[in-house]
Amino acid sequence: MTVCLTSFRAEPRVEQTVLRAAAILRAAGAQVILAAGAVRADNGPETLPEEQAFAAADLVVTVGGDGTILHTAKKCSRKGTPVLGINLGRTGFLATCEPEELEWKLEKLAKGEYGIEERALLQASCTGVEEPLVALNDLVIYGGHRRQAIDLDVLCDGRPVSNCRGDGLILATPTGSTAYSLSAGGPVLDARIRGLVLTSICAHSLQRPAIVFAADRKITVRPGRQQRGLVLISVDGEREIPLPQAGELQVGLSEKSVKLVTFYDTDQFDAIDKKLRGR
């Protein structure tokens, strides 16, 4: 098995964890390569440019927070390479390995004693943007002028289902249902569900419940008739794209998925209990 180690923060704790993980994996019989930028390892594992490292790996291990996993997992979904996150972030909700679990979990990894959980991806097209937008957590639609409410129309399979006037909307995967959507009052979805959830952000309405859509639905978001200011779209918090006044965002589930390494069937619910409840 060839394992690629990657990270995006050049700080001592991250570098120490990368080197420690590499040593454990190599001792357990795995071949290890480093994605460029992870850490400099003289007389250690081979270092390759990120794209080459991901292509050569049977499995990718990230060291950092959820942002590192989000960035890596979407790239690895192109080939279907599984991803394991070692959590050095504040919450690390997507990570299934904590620093104190490093030895035994990486040994199991090298022996092939792990499970795979497939997570749905959102894929969207936006007026004025040539390439598709892909999100593991969510697409957030909000106003460019924070003090002004925005007006958005939502259609499902071409039929109007909602109009939102407020701070914006979140379209989230089941994975993303425990992120911003949850903070905005949305439901927690089992990560194994194939679907997406629409959650309003501070809606100017006494009743604006979240809506869960089936996997084959196509959701369209357009600026409403009363919308006058700038509308922006955030893709997993990594990109910010303007939505033209006469444009639209069309969203559905991608045919591709992200493969996350698990060690228990209940990893998602353990994370809810320990990390969201603060136990």
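**Group meeting: a pocket, a helix and two cores**

The largest pocket here has a volume of about 340 Å³. Keep in mind that this is a predicted model.

So who lines that pocket? Sixteen is the count to remember: of the 16 lining residues, the closest to the centre are Lys74, Lys75, Arg78, Pro132 and Val134. Now the elements. Those giving two or more residues to the lining are α3 (66-76), β6 (115-126), β7 (133-135) and β17. Which one gives the largest share? That is α3, with three residues. As for chemistry, the lining divides into seven charged, five nonpolar and four polar residues.

Next, helix α4. It covers residues 102-111. Which of its residues are buried? They are Leu102, Lys105, Leu106, Leu109 and Ala110. Look down the axis of α4: the buried residues fall within an arc of 140°, so they line one face of the helix. Here is the background: an α-helix has 3.6 residues a turn, so residues three or four places apart point the same way.

What covers those buried residues? The cover includes α1 (12-27), β4 (59-64), β5 (83-87) and β17 (249-262). We met β17 a moment ago, in the lining of the largest pocket. After α4 comes Gly112, and its phi is positive, near 80°.

Stay on α4 for one more residue, Lys108. Buried, exposed or partly exposed? Lys108 has a relative accessible area of 30%, and between 20% and 50% counts as partly exposed. So Lys108 is partly exposed. Leaving out residues up to four places away in sequence, Lys108 touches Glu113, Tyr114 and Phe263. Then there is Leu25. Lys108 and Leu25 are 83 residues apart in sequence, yet their C-alpha atoms are 9.5 Å apart in space.

Last topic, the nonpolar cores. The largest has 29 residues. Which members touch the most others? Leu139, Leu171 and Leu249 do. Take Leu249. Leaving aside neighbours within four places in sequence, its contacts include Ala124, Ser125 and Cys126. Leu133, Leu139 and Ile141 are also among them. So are Ile219, Thr220 and Val221, and finally Ile233 and Leu243.

Apart from that core lies another one, of 25 residues. Among its members are Ala22, Ile24, Leu25 and Leu34. Leu25 is the residue we just paired with Lys108, at 9.5 Å between C-alpha atoms.

Key
Residues are numbered from 1 along each chain as its sequence is written. This is a predicted model: local features need pLDDT of at least 70, side-chain atom pairs count only at pLDDT 80 or more; totals for chains, interfaces and linings use all residues. Side-chain values use heavy atoms; hydrogens and water are left out. Buried means under 20% relative accessible area, exposed over 50%, partly exposed in between (1.4 Å probe, protein chains only). Helices (H or I, at least four residues) and strands (E, at least two) are DSSP runs, numbered from the N terminus. The arc is that of the directions from the helix axis to the C-beta atoms. Contact means heavy atoms within 4.5 Å. On a 1 Å grid over the protein atoms alone, a cavity is a set of points where a 1.4 Å probe fits but cannot get out, and a pocket is an open set with protein on both sides within 12 Å along at least five of seven lines; lining residues have an atom within 4 Å of a point. Grid points are joined across faces, edges and corners, and a volume is the space filled by probe spheres set on the points. Ala, Val, Leu, Ile, Met, Phe, Trp, Tyr, Cys and Pro count as nonpolar, Asp, Glu, Lys and Arg as charged, and the others, Gly among them, as polar. A nonpolar core is a set of buried Ala, Val, Leu, Ile, Met, Phe, Trp, Tyr and Cys residues joined through side-chain atoms within 4.5 Å.
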